Amino acid sequence: MGSTRDILLASPAAESRNAPVIQFLLIVAWHWTLVPATMEFVDWWLGYGASISGVPVPTPFDLDRALQQLVHPLLHCLLVMMVLVEALFSTIAFRILTRRRPADRALFIRLWWRVCLWGALVLPAGTFVVAVVSGDWGLAIRVPLLWVLWMIAGPALLARIHGFHRFPPGHCEKCGYNLTGNISGRCPECGRHVPLGLQAK
Ligand SMILES: [Zn+2]
């Protein structure tokens, strides 16, 4: 089965009906941990007092202050905004670029989570590199903000890279075979795995 691993790694083989729910919760948890952690880490590395406005204030690392920032209402407002903006605009981009209907929500959430997984590598590394190269916290803090743009475009771009836009829902995403009535979870034509939610009803 390997279902838990498939869900965690955003694999197409994630069979569980709960997969989209679990992956959405992971997306939320990702935002509430990775984004603040990245900001705190860069803040600590540079010895700056991070501020949302991006004005660098050199101070030594202070755990109490860091914890205060993590529970700061402004941070949570920012994170809620970030998730809402991503969800709204990435859904629009996804529908335009893939011509997929809401029935493919499972596919969308899986790709959104996959974008997050990439972000777990690229976001801290990118912020870190920009901070070190420029020495400018104000510039480095824009990396997580610019990251939102990639989060918006990411699911749609991944869907296109994987060719999900080529055939309408209910057809094999690889060869276009009509999967009406197919409950085997595999395309009889090419053998490709059929992700949950893409089978014809
Ligand atoms: Zn096929």
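**Note on the predicted model: helices, core and the surroundings of Val42**

1. Just after α5, glycine 135 adopts a positive phi of about 65°. This value, like the others in this note, belongs to a predicted model, and it should be read on that footing.

2. As to the overall layout, the protein chain contains seven helices and two strands, and these follow one another along the sequence in the pattern α-α-β-β-α-α-α-α-α. Of the 201 residues in the protein chain, 27% are buried. Among contacts with a separation of 6 or more, 57% are between residues 24 or more positions apart.

3. The largest nonpolar core comprises 27 residues, and within it the most contacts are made by Phe108, Leu111, Trp112, Val115, Ala140 and Ala159. At least two residues of this core come from each of α2 (19–46), α5 (105–134), α6 (137–140) and α7 (142–161). The largest share is that of α5, which contributes ten residues.

4. The helix α5 also deserves a look for its geometry, since a bend of about 40° is found in α5 at glycine 119. A reader following α5 through the structure may therefore wish to examine two glycines together, glycine 119 at the bend and glycine 135 just after the helix, with its positive phi of about 65°.

5. Which residues does alanine 140 touch, if those up to four places away in sequence are not counted? They are Val42, Thr127, Val130, Ala131 and Ser134. Alanine 140 is also one of the residues with the most contacts inside the largest nonpolar core.

6. Valine 42 is placed in helix α2, and it counts as buried because 22 C-beta neighbours lie inside 10 Å, where 20 or more are required. Once its neighbours within four places in sequence are left aside, valine 42 is in contact with Thr127, Phe128, Ala131, Trp137 and Ala140.

7. Isoleucine 141 is found in the loop between α6 and α7, and this residue is buried too, because 24 other C-beta atoms lie within 10 Å. How far apart in space are the C-alpha atoms of valine 42 and isoleucine 141? The distance is 8.6 Å, although 99 residues separate the two in sequence. For isoleucine 141 and phenylalanine 128, which are 13 residues apart along the chain, the C-alpha atoms are separated by 9.6 Å; phenylalanine 128 is, in turn, among the residues in contact with valine 42.

Terms used:
Residues numbered from 1 in each chain as written. Predicted model: local features only at pLDDT ≥ 70, side-chain atom pairs only at ≥ 80, totals over all residues. Core = buried A, V, L, I, M, F, W, Y, C linked by C-beta atoms within 7 Å. Buried ≥ 20, exposed ≤ 12 C-beta atoms within 10 Å, placed from the backbone. Helix = DSSP H or I, 4+ residues; strand = E, 2+ residues; numbered from the N terminus. Contact = placed C-beta atoms within 7 Å. Bend = angle between axes of the 7 residues up to and from the residue.
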